[in-house]
Amino acid sequence: MSGRLEALPHRHVLTLASEPAAVRVARQTAERALIEWGIGLRHPTVDPALLILCELVTNSVRHAAVLSPHVTVIYAAGADCLAFAVHDRHPYQPSLYGSVTGKGAGGLATVRELVLDLGGTAVVRADADGKGKSIWITLPL
């Protein structure tokens, strides 16, 4: 997948403090980037993509902040693809496609359902040192 992401002509990286305001800033930054890249906010993929993004940033802020003072969001897009990743430095790697149960599982279940409904992909990638991870989402436009 990384080869395809590198081929996407539009990219933006944002690093924020792991605090609740990061969710709003990540969404607003995504909206500005999409407009700049010529992807209308009324495109049928955009609202679900923004919800997925907000869920992932929220999870990082709520569950990883103790070990990860920052969360990084990578945005990328091309003519037929929207991709983004949310990265933190907490080693826990959630299951996106297995059974998501227990307290706090609602957000990841929503992410999984939206990604599948849109025909996209979701991948959890561990950092090379095993002390962090990125959740990559790719959605067709």
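## A nonpolar core and the elements around it

The largest nonpolar core of this predicted model has 35 residues, and those with the most contacts inside it are Ile52, Leu53, Leu56, Val57, Tyr75, Phe84 and Ile137. A nonpolar core here is a set of buried Ala, Val, Leu, Ile, Met, Phe, Trp, Tyr and Cys residues joined through side-chain atoms within 4.5 Å. Buried means under 20% relative accessible area, exposed means over 50%, and partly exposed lies in between (1.4 Å probe, protein chains only). At least two residues of this core come from each of strand E1 (10–17), helix H2 (21–36), helix H3 (46–64), strand E2 (70–77), strand E3 (81–88), helix H4 (106–117) and strand E5 (133–140). The largest share, nine residues, is supplied by H3.

A word on conventions: residues are numbered from 1 along each chain as its sequence is written, and side-chain values use heavy atoms, with hydrogens and water left out. As this is a predicted model, local features need pLDDT of at least 70 and side-chain atom pairs count only at pLDDT 80 or more, while totals for chains, interfaces and linings use all residues.

Now for the overall layout. The protein has four helices and five strands, which follow the order α-β-α-α-β-β-α-β-β from the N terminus. These are DSSP runs numbered from the N terminus: helices are H or I with at least four residues, and strands are E with at least two. Of the 141 residues, 49% are buried. The accessible surface comes to about 7200 Å², with 55% of it belonging to carbon and sulfur atoms; the areas come from the Shrake-Rupley method with a 1.4 Å probe, and for residues only the protein chains shown count as cover. Among contacts (heavy atoms within 4.5 Å) between residues at least 6 apart in sequence, 67% join residues at least 24 apart.

Let us look at H3 itself. In this helix 14 of the 19 residues are buried. Its end C-alpha atoms are 26 Å apart, which agrees with the 27 Å that 19 residues should span at 1.5 Å a residue; the expected span is 1.5 Å times one less than the number of residues.

E5 is mostly covered too, with seven of its eight residues buried. Two strands pair if DSSP finds at least two bridges between them, and E5 has the two antiparallel partners below.

| Pair | Bridges | Residues that stand opposite |
|---|---|---|
| E3 and E5 | eight bridges | His87 and Ser134 |
| E4 (residues 121–126) and E5 | six bridges | Ala122 and Ile137 |

The hairpin of E4 and E5 has six residues between the strands, and Gly130 in this hairpin takes a positive phi near 75°. Back in E5, Ile137 touches Ile52, Leu56, Leu82, Ala83, Phe84, Val111, Val115, Thr121 and Ala122, leaving aside residues up to four places away in sequence.

Ala77 is another residue to find in the viewer. It lies in strand E2 and is buried, with a relative accessible area of 0%. Leaving aside residues up to four places away in sequence, Ala77 touches Leu8, Pro9, His10, Trp37, Ile39 and Leu82. Ala77 and Pro140 are 63 residues apart in sequence but 9.7 Å apart in space, C-alpha to C-alpha.

Finally, the cysteines. Cys54 is buried at 15% relative accessible area, and Cys81 is buried at 2%. The structure holds zero disulfides, a disulfide being a pair of cysteine sulfur atoms within 2.5 Å.
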